[in-house]
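Visitor: I would like to go through this model with you. May I put some short questions as we look at it?

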Amino acid sequence: KIRRFVLDMRTDEVLFSFFLLLALVLCFQLCSTGDTLKAGQKITLNSMENLVSSSRTFELGFFSLNDSSRVVKSYYYLGIWYQFNPQTVVWVANRDKPVLDSSGVFRIAEDGNLVIEGASSESYWSSKIEAYSSTNRTVKLLESGNLVLMDDNSGTSNYLWQSFENPTDTFLPDMKMDASLALTSWRNPTDPAPGNFTFRLLQIDERPNYAVLINHSQLY
């Protein structure tokens with residue numbers, strides 16, 4: 001009887017482990033959209049449906065930054081971060097206009113743009129490219145950390161828009177910087193709005209140099 005009891009306990013543990021693993025797999029499938037988002041799909045602030053790059057290096061979704069000095073305690077942003085602790089954000093979409101409640105939605109709009117919207121379709125951010133039908137468009141988070149918008153009919157190499165060409169404060173491997181791009185610091189550690197310092201390419205003594213500027217003008 002003792003042997004039978006021990007065997008039954010082990011069987012129960014195996015069955016419990018099996019069903020727990022099955023539940024985790026199902027949860028992952030239901031709670032994750034993988035690395036791509038198509039027209040008609042969306043990422044919301046209240047869901048766990050974030051984009052995760054193929055090797056799980058980067059994740060895109062909504063995050064909050066709490067500041068005790070604010071009247072509204074939680075400001076919500078759509079961003080990309082490394083998947084390790086502490087959370088290291090490398091790109092922010094709506095850095096100038098945070099979502100102030102839980103109504104935020106990220107999707108491909110009817111005109112083909114990437115958008116962040118709130119209640120009553122209030123606009124918080126847009127990729128601002130030429131309007132076109134979104135039926136065949138896909139947004140993908142690459143393993144490099146680059147968020148790209150593609151037309152499914154033109155192949156994966158033709159990016160209509162990409163975060164690498166619209167950086168915030170971080171320069172990642174595989175990014176290419178020219179005179180049209182600039183990195184701008186966060187205002188402070190709890191506010192990703194543009195701060196005082198900018199890094200960009202400019203002419204100094206008739207030669208191109210990378211430089212840090214204060215308030216976009218004074219050489220630092």
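Visitor: Is glutamate 117 buried or exposed?

Guide: Glutamate 117 counts as buried because its relative accessibility is 16%. Here buried means under 20% relative accessible area, exposed means over 50%, and partly exposed lies in between (1.4 Å probe, protein chains only). Please note that this is a predicted model, in which local features need pLDDT of at least 70 and side-chain atom pairs count only at pLDDT 80 or more, while totals for chains, interfaces and linings use all residues. Residues are numbered from 1 along each chain as its sequence is written, and side-chain values use heavy atoms, with hydrogens and water left out.

Visitor: Which side chain does glutamate 117 meet in a salt bridge?

Guide: Its partner is arginine 107, at 3.0 Å from N to O. This pair links distant parts of the chain, with glutamate 117 in strand β8 and arginine 107 in strand β7, 10 residues apart. A salt bridge is a side-chain nitrogen of Lys or Arg within 4 Å of a carboxyl oxygen of Asp or Glu. Helices (H or I, at least four residues) and strands (E, at least two) are DSSP runs, numbered from the N terminus.

Visitor: And which other side chain meets arginine 107 in a salt bridge?

Guide: Glutamate 110 does, at 3.2 Å from N to O. Arg107, Glu110 and Glu117 are thus linked in a network of salt bridges. Arginine 107 is buried because its relative accessibility is 17%, whereas glutamate 110 is exposed, with a relative accessible area of 60%.

Visitor: How many salt bridges are there by this rule?

Guide: The count comes to five. One of them joins the side chains of glutamate 122 and lysine 97, at 3.7 Å from N to O. That pair also links distant parts of the chain: glutamate 122 lies in the loop between β8 and β9 (123–126), and lysine 97 in the loop between β6 and β7, 25 residues apart. Glutamate 122 is partly exposed at 35% relative accessible area, and lysine 97 is partly exposed at 35% relative accessibility.

Visitor: Back to β7. What covers its two faces, or rather, which residues are buried on each side?

Guide: Val105 and Arg107 are buried on one side of strand β7 (residues 105–108), and Phe106 and Ile108 are buried on the other. In a regular strand the side chains alternate between the two faces of the sheet.

Visitor: Which residues stand opposite valine 105?

Guide: Threonine 44 stands opposite valine 105 of β7, and in β8 the bridge partner of valine 105 is glutamate 117. Strand β2 (residues 42–44) pairs with β7 in the antiparallel sense over three bridges, while four bridges join β7 to the antiparallel strand β8 (residues 114–117). Two strands pair if DSSP finds at least two bridges between them.

Visitor: How many residues lie between β7 and β8 in the hairpin?

Guide: There are five residues between them, and glycine 112 in the turn has a positive phi of about 95°.

Visitor: Another sheet, then: what is the strand order in the open sheet of four strands?

Guide: The order is β3-β4-β5-β6, with antiparallel pairing. β3 (51–52) and β6 (88–92) are the edge strands, as each pairs on one side only. Two bridges join β3 to the antiparallel strand β4 (residues 58–66), and leucine 51 has leucine 60 in β4 as its bridge partner.

Visitor: Where is threonine 168 found?

Guide: Threonine 168 is in the loop between β12 (159–162) and β13 (182–188). The residue counts as buried because its relative accessibility is 3%. Leaving aside neighbours within four places in sequence, threonine 168 is in contact (heavy atoms within 4.5 Å) with several residues, including Val90, Trp91 and Leu183.

Visitor: What does the secondary structure of the chain come to?

Guide: The chain has one helix and 16 strands. Buried residues make up 39% of its 220 residues.

Visitor: Where does pLDDT stay under 50?

Guide: The pLDDT, the predictor's confidence in each residue from 0 to 100, stays under 50 over residues 1–7, for which the model has zero contacts beyond four places in sequence. Residues 24–31 also stay under 50, with five such contacts. The chain averages a pLDDT of 84, and 79% of the residues score at least 70.
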